[in-house]
Amino acid sequence: MCRMVDSRLGHWLKLLVSLMLLLKTQGLYVGITYVKSAVAKGAVCLDGSPPAYHWDKGFGTGINSWLIHFEGGGWCNNVTSCLSRKKTHLGSSKLMGQQIAFSGIMNNKRPFNPDFYNWNRVKIRYCDGSSFTGDVQAVNPATNLHFRGARIWLAVIEDLLPKGLKNAENALLSGCSAGGLASILHCDSFRALLRMGTKVKCLSDAGYFIKVKDVSGAPHVQTYFNEIVTLHGSAKNLPLSCTSVLKPSFCFFPQYVAPQVRTPLFILNAAYDSWQIRNILAPSIADPLGVWKSCKLDINNCSPLQLKSMQDFRLQFLNALNKSTNSSSRGLYIDSCYAHCQTETQEKWFMEDSPVLGKKKIAKAVGDWFYDRNPFQKIDCPYPCNPSCQNSGLAPPNNPEV
């Protein structure tokens, strides 16, 4: 009996210590900045409200270093989904929280973010639904929807340049999910907006969405991305190196864009990306009976047949990634976790029990790559070989299903 009580007490003490550590690592809340001058340029959210960002100023040796991070949160592909989105913080800056927590790669404490803690860290809020690529001049008065993502991107950078970004010595463009896609699509243009001599690199976290058929054999994600690009008028803002040879909607897929990106790029992705498994491989439309529901929530619930489908997905993912690893300046961290977005949460970015690949945690691999201390290009062995993975399939709250 005493042993059982001691065991329970030990368990609760561990939980308490973990909770206190979590509160310590996520104690930084950063206020919002609205770019009101952008409205006159038509650089607005879906509902016509001004774009916004959160900026925690750099200090010490990081005063002239800048981390620009795109918020993620899916997309909207038709008027109906964009109207719904307009009523949330992903479509209107009027509905955004005044303060947000900075953790993971945004953390301002060295023990939790060793290489970027004292940089200027900026999170660009996502309210356009097109990974910052849309630009349609006309606004239908019946819906009052504005498709201006590309203008938001430029307006935020123009606002930050006189605040010190123009003097940047180091700059890293990053993002998670739809923001991770944006960091690939805008990587070279970001470098072009900064002064010569700035060390510029890009990091895509969980943004390497692949063109693959779903479990029913339908090209669900291909159709979905085509609808996004068409609705938002994105074609003219996608990399010309891709759109000059392929259909614009193909150029929303990193596998057709990343090989031509000239700026050093680090691709961080789970080979079993939980969002892609849930929404690209086994979307609800392809699984009307809900056979995949339990598996999508927790990989441990998957049947042998479902695991086979996921192993096949991994192989297709690695094949789509193949041409994107054609440069020594590329970074690559492809773990076998069932996860989505690993830079924004402290427990995945840099904690005692964070995922490890090639004996390195994500923060260390990215930092070594950025500062040219050590290159990093590693692909994990197949699931379930990595015991450091925290295999929860729950997607972050900003990533709605499609």
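A residue counts as exposed when its relative accessible area is over 50%, and as buried when that area is under 20%. The structure examined here is a predicted model. By this cut-off K359 is exposed, because its relative accessibility is 82%. K359 sits in the loop that runs between strand 10 (356-357) and strand 11 (360-361). The phi angle of K359 is positive, near 65 degrees, although the residue is not a glycine.

A positive phi also occurs at F132, likewise a residue other than glycine, with a value of about 60 degrees. F132 belongs to the loop between strand 5 (120-124) and helix 3. In contrast to K359, which is exposed at 82%, F132 counts as buried because its relative accessibility is 0%.

Two further residues of the loop between strand 5 and helix 3 were examined, namely P141 and T143. P141 has a relative accessible area of 77% and is therefore exposed. The C-alpha atoms of P141 and S324 lie 42 Å apart, with the two positions 183 residues apart in sequence numbering. T143, at 16% relative accessibility, falls under the 20% limit and so counts as buried. Beyond residues up to four places away in sequence, T143 touches V79, L83 and K86. For one of these partners, V79, the C-alpha to C-alpha distance to T143 is 8.0 Å, at a sequence separation of 64 residues.

Confidence in the model was considered next. The mean pLDDT of the protein chain is 93, and 90% of the residues reach 70 or more. Residues 393-397 have a pLDDT below 50, and this stretch makes ten contacts in the model beyond near neighbours in sequence. Where pLDDT is low, predicted coordinates should not be read in detail.

The interior was then described through its nonpolar cores. In soluble globular proteins, nonpolar side chains tend to be buried together. The largest nonpolar core has 80 residues, and the members that touch the most others are W75, F190, Y208, F225, F252 and M310. A second core, separate from the largest, has 23 residues, including V30, M106, Y333 and F370.

Two members of the largest core illustrate its contacts. F190 is located in helix 5 and is buried, since its relative accessible area is 0%. Leaving out residues up to four places away in sequence, F190 touches I68, W153, I157, A171, L172, L173 and V200. F190 and Q99 are 91 residues apart in sequence, and their C-alpha atoms are 26 Å apart in space. For Y208, the contacts beyond four places in sequence are I184, P254, Q255, A258, I267, N269, Q276, F317, A320, L321 and S324.

One of the contacts of Y208, Q276, is also among the buried residues of helix 9. Helix 9 covers residues 274-281, and it is largely enclosed by the rest of the structure because eight of its eight residues are buried. These buried residues are S274, W275, Q276, I277, R278, N279, I280 and L281. The elements that cover them include helix 6 (220-232), strand 8 (265-270), helix 10 (293-297) and helix 11 (304-321).

Open space in the model was examined as well. Rolling a probe the size of a water molecule over the atoms shows where empty space is left. The second largest pocket holds about 300 Å³ of space. Its lining consists of 20 residues, of which L185, S189, N237, L238 and P239 are the closest to the centre of the pocket. By class, ten of the lining residues are nonpolar, five are polar and five are charged. At least two lining residues come from each of helix 3 (149-160), helix 4 (178-185), helix 5 (187-193) and helix 7 (240-243). Helix 3 gives the most to this lining, with four residues. Helix 5, one of the helices that supply the lining, also contains F190.

A cis peptide bond is present in the model as well. This bond joins Y383 and P384, with an omega of about 10 degrees. P384 is placed in the segment that follows strand 12 (377-379).

How values were computed:
Residues numbered from 1 in each chain as written. Heavy atoms only, no water. Core = buried A, V, L, I, M, F, W, Y, C linked by side-chain atoms within 4.5 Å. Buried < 20%, exposed > 50% of the residue type's maximum accessible area, 1.4 Å probe, protein only. Contact = heavy atoms within 4.5 Å. 1 Å grid on protein atoms, 1.4 Å probe; cavity = no way out; pocket = protein on both sides within 12 Å on 5 of 7 lines; lining within 4 Å. Points joined across faces, edges and corners; volume = space filled by probe spheres on them. Nonpolar A, V, L, I, M, F, W, Y, C, P; charged D, E, K, R; others polar. pLDDT = per-residue confidence, 0-100.
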